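Good morning, and thank you for the time on the agenda. I should like to take you through one part of a model, beginning with a single side chain and moving outward to the helices around it.

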Amino acid sequence: MADSGGLIARLEQQIASGRDNALARFTLGRARLEQGDPAGAILHLTQAVALKPDYAAAYKQLGAAHAKAGNAPEAIAVWGKGCAVAQDSGELQALREMTSLLGKLKRRHST
């Protein structure tokens with residue numbers, strides 16, 4: 001998938017100029033994941049949850065990046081933490097989505 005409108009470059013420039021925040025990292029990580037760059041996504045999504053530890057959507061995307069990178073144990077751990085965060089913050093949709101993803105990944109890797 002192409003970087004529509006140079007989003008990645010703009011966000012990287014924003015972060016490099018010292019305007020780093022969880023939303024920028026989340027958006028950049030998601031864009032990297034959509035481009036097929038799970039390692040780049042992991043880098044930025046890890047920063048997103050470090051900057052905002054209650055960011056359930058970032059945990060969901062971080063788990064997806066680890067799964068896409070072939071690191072099932074880390075994806076399971078991240079989604080497990082994300083479920084706890086979503087539960088604590090009342091983000092029921094994120095909780096349902098991560099619970100489903102977690103179950104599917106566990107089933108795939110238990111056989």
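Tryptophan 79 is buried in this predicted model, because its relative accessible area is 3%, under the 20% cut-off. The residue lies in helix α5, which covers residues 72-89.

What is tryptophan 79 in contact with, leaving aside its neighbours within four places in sequence? The list consists of Tyr59, Lys60, Gly63, Ala64, Ala67, Met98, Leu101, Leu102 and Leu105. There is also a polar detail: the side chain of tryptophan 79 reaches the backbone oxygen of lysine 60 at 3.0 Å. As for leucine 51, 28 residues away along the chain, its C-alpha atom is separated from that of tryptophan 79 by 17 Å.

Let me turn to helix α4, residues 56-68. This helix has 13 residues, and the distance from its first C-alpha to its last is 19 Å, close to the 18 Å expected at 1.5 Å a residue. Its buried residues are Ala56, Ala58, Tyr59, Gln61, Leu62, Gly63, Ala65 and His66. Which helices help to cover the buried residues of α4? They include α2, α3, α5 and α6, the last of these being residues 92-109. After α4 comes glycine 70, with a positive phi near 85°.

Next, the packing of α2 against α4. Two packed helices are described by the angle between their axes and the distance between the axes. Here the axes of α2 and α4 come within 10 Å and cross at roughly 30°. That angle is under 35 degrees, so α2 counts as roughly parallel to α4. On the α2 side, the contact is made by Phe26, Arg30 and Leu33; on the α4 side, by Ala57, Ala58, Gln61, Ala64, Ala65 and Lys68. The crossing of α2 past α4 is left-handed.

Finally, helix α3, residues 38-51. How does its span compare with what its 14 residues should give? At 1.5 Å a residue the helix should span 20 Å, and its end C-alpha atoms are 20 Å apart, so the two values agree. The buried residues of α3 are Pro38, Gly40, Ala41, Ile42, His44, Leu45, Ala48 and Val49. Among the elements covering them are α2, residues 22-34, and α4.

To close, I return to the starting point: tryptophan 79 is buried, and its side chain reaches the backbone oxygen of lysine 60. Thank you for your attention.

Conventions
Residues numbered from 1 in each chain as written. Predicted model: local features only at pLDDT ≥ 70, side-chain atom pairs only at ≥ 80, totals over all residues. Heavy atoms only, no water. Helix = DSSP H or I, 4+ residues; strand = E, 2+ residues; numbered from the N terminus. Buried < 20%, exposed > 50% of the residue type's maximum accessible area, 1.4 Å probe, protein only. Contact = heavy atoms within 4.5 Å. Polar contact = N/O pair within 3.5 Å; in protein donor to acceptor, adjacent residues only side chain to side chain. Expected span 1.5 Å × (residues − 1). Axes fitted to C-alpha atoms, helices over the stretch in contact; angles between N-to-C directions. Parallel < 35°, antiparallel > 145°, perpendicular 65-115°, else oblique. Left-handed = near helix turned anticlockwise from the far one by under 90°.
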